Amino acid sequence: MAASTSLWTISVTLALTLIPLAVYGNSEGDALYTLRRSLSDPYNTLQSWDPTLVNPCTWFHITCNQDNRVTRVDLGNSNLSGHLVPELGKLEHLQYLELYKNNIQGTIPAELGNLKSLISLDVYNNNISGTIPPSLGKLKSLVFLRLNDNRFTGPIPRALVGISSLKVVDVSNNDLCGTIPTSGPFAHIPLNNFENNPRLEGPELLGLASYDTNCS
């Protein structure tokens with residue numbers, strides 16, 4: 001009787017230990033599978049993204065840490081089209097979101113501002129439109145922000161000035177308006193990283209021009 005009780009205790013303990021991993025894995029897998037369903041994938045790049053698996057760590061183009069939490073999504077130059085989904089904001093440990101050189105359309109979901117561990121957001125050379133979400137200013141670990149060669153409109157959010165870790169910003173070849181920030185990390189960003197935005201003025205002269213000039 002004691003042996004069976006011990007076995008039952010071990011089984012319950014093991015099950016309870018595995019529950020967090022399963023929950024995390026499933027929620028992150030669900031978020032990524034939602035992305036898959038929103039994309040057209042003519043070359044079956046996402047064929048391994050099987051939502052019935054415990055977690056997405058065995059999927060191609062996904063990297064996880066030792067706790068089976070997703071840290072990288074590498075889908076650059078994959079001939080994908082479609083749009084991004086708000087569920088991406090649930091990938092709490094994501095550090096690299098690499099979606100460059102595709103034909104992704106629509107807007108950047110504001111929920112990407114929830115990715116507190118994000119180091120690199122690379123969506124350059126797509127067909128993304130709308131404004132750059134001010135919520136990206138919450139990404140206090142962000143180092144690389146490459147949004148160039150899309151169809152972004154509106155001003156450069158001043159919330160980005162508060163990201164002290166930011167080293168690379170490229171918003172060239174869009175349709176942004178307003179003025180180019182000059183404070184914080186933007187003091188060291190080359191002006192050619194803002195070029196080919198016909199309505200973008202700058203760099204701004206503090207106190208002399210509204211940052212959203214030419215945005216009406």
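## Working through strands, rings and core

Arg72 stands opposite Tyr96 in strand 5. Strands here are DSSP runs of E at least two residues long, helices are runs of H or I at least four long, and both are numbered from the N terminus. This is a predicted model, in which local features need pLDDT of at least 70 and side-chain atom pairs pLDDT 80 or more, while totals for chains, interfaces and linings use all residues. Residues count from 1 along each chain as its sequence is written, and side-chain values use heavy atoms, with hydrogens and water left out.

**Exercise 1.** Work out what Arg72 does with the ring of Tyr96, and how strand 3 and strand 5 pair.

*Step 1.* Start with the strands: strand 3 and strand 5 (residues 96–98) run parallel, with 3 bridges. Two strands pair if DSSP finds at least two bridges between them.

*Step 2.* Look for another bridge: Asp74 has Glu98 as its partner in strand 5.

*Step 3.* Now the side chains. The charged end of Arg72 sits over the Tyr96 ring, 4.3 Å from its centre. To count, NZ of Lys or CZ of Arg must be within 6 Å of the ring centre and within 35 degrees of the ring normal.

**Exercise 2.** Find the strand order of the open sheet of 6 strands, and say which strands stand at its edges.

*Step 1.* Try strand 2 (residues 62–64) against strand 3: they're antiparallel, joined by 3 bridges. Cys64 stands opposite Val70 in strand 3.

*Step 2.* Check the connection. Strand 2 and strand 3 make a hairpin with 5 residues between them, and Asn68 in the turn has a positive phi of about 60°.

*Step 3.* Read off the whole sheet: the order is 2-3-5-7-9-11, and the pairing is mixed. Strand 2 and strand 11 (168–170) are the edges; each has a single partner strand, so one side of each is left without a neighbour in the sheet.

*Step 4.* Add the twist, which averages 10° from one strand to the next. Axes for such angles are lines fitted to C-alpha atoms (for helices, over the stretch in contact), and angles run from 0 to 180 degrees between N-to-C directions.

**Exercise 3.** Do the same for the open sheet of 4 strands: what order does it have, and which are the edge strands?

*Step 1.* Strand 8 joins strand 10 (residues 151–154) through 3 bridges, in parallel. Within strand 10, Arg151 is the bridge partner of Ser129.

*Step 2.* Strand 10 goes on to strand 12 (residues 175–179), also in parallel, through 2 bridges. Thr153 stands opposite Asp175 in strand 12.

*Step 3.* The order is 8-10-12-13, with parallel pairing. Strand 8 (129–131) and strand 13 (199–201) are the edge strands, each pairing on one side only. Here the twist averages 30° from one strand to the next.

**Exercise 4.** Count the aromatic pairs, then look at Trp49 with Trp59 and at Tyr100 with Tyr124.

*Step 1.* Get the rule straight: rings of Phe, Tyr and Trp (its six-membered ring) pair if their centres lie within 6.5 Å, with planes under 30 degrees apart stacked, over 60 edge-to-face and the rest tilted. That gives 3 aromatic pairs.

*Step 2.* The Trp49 and Trp59 ring centres are 5.3 Å apart with planes at 25°, so the pair is stacked. Both residues lie in the loop between strand 1 (39–40) and strand 2, so the pair ties together parts 10 residues apart in sequence.

*Step 3.* Check burial (under 20% relative accessible area is buried, over 50% exposed, in between partly exposed; 1.4 Å probe, protein chains only). Trp49 comes out at 0%, so it's buried; Trp59, at 3%, is buried too.

*Step 4.* The Tyr100 and Tyr124 centres are 5.0 Å apart and their planes at 10°, so this pair is stacked. Tyr100 is partly exposed at 24%, whereas Tyr124 is buried at 17%.

**Exercise 5.** Which residues touch the most other members of the largest nonpolar core?

*Step 1.* Such a core is a set of buried Ala, Val, Leu, Ile, Met, Phe, Trp, Tyr and Cys residues joined through side-chain atoms within 4.5 Å.

*Step 2.* This one has 46 residues, and the answer is Leu32, Val73 and Leu121. Helix 1 (2–38) and strand 3 (70–74) each supply at least two residues of the core.

*Step 3.* Follow Leu121: beyond its neighbours within four places in sequence, its contacts (heavy atoms within 4.5 Å) include Leu97, Phe144 and Arg146.
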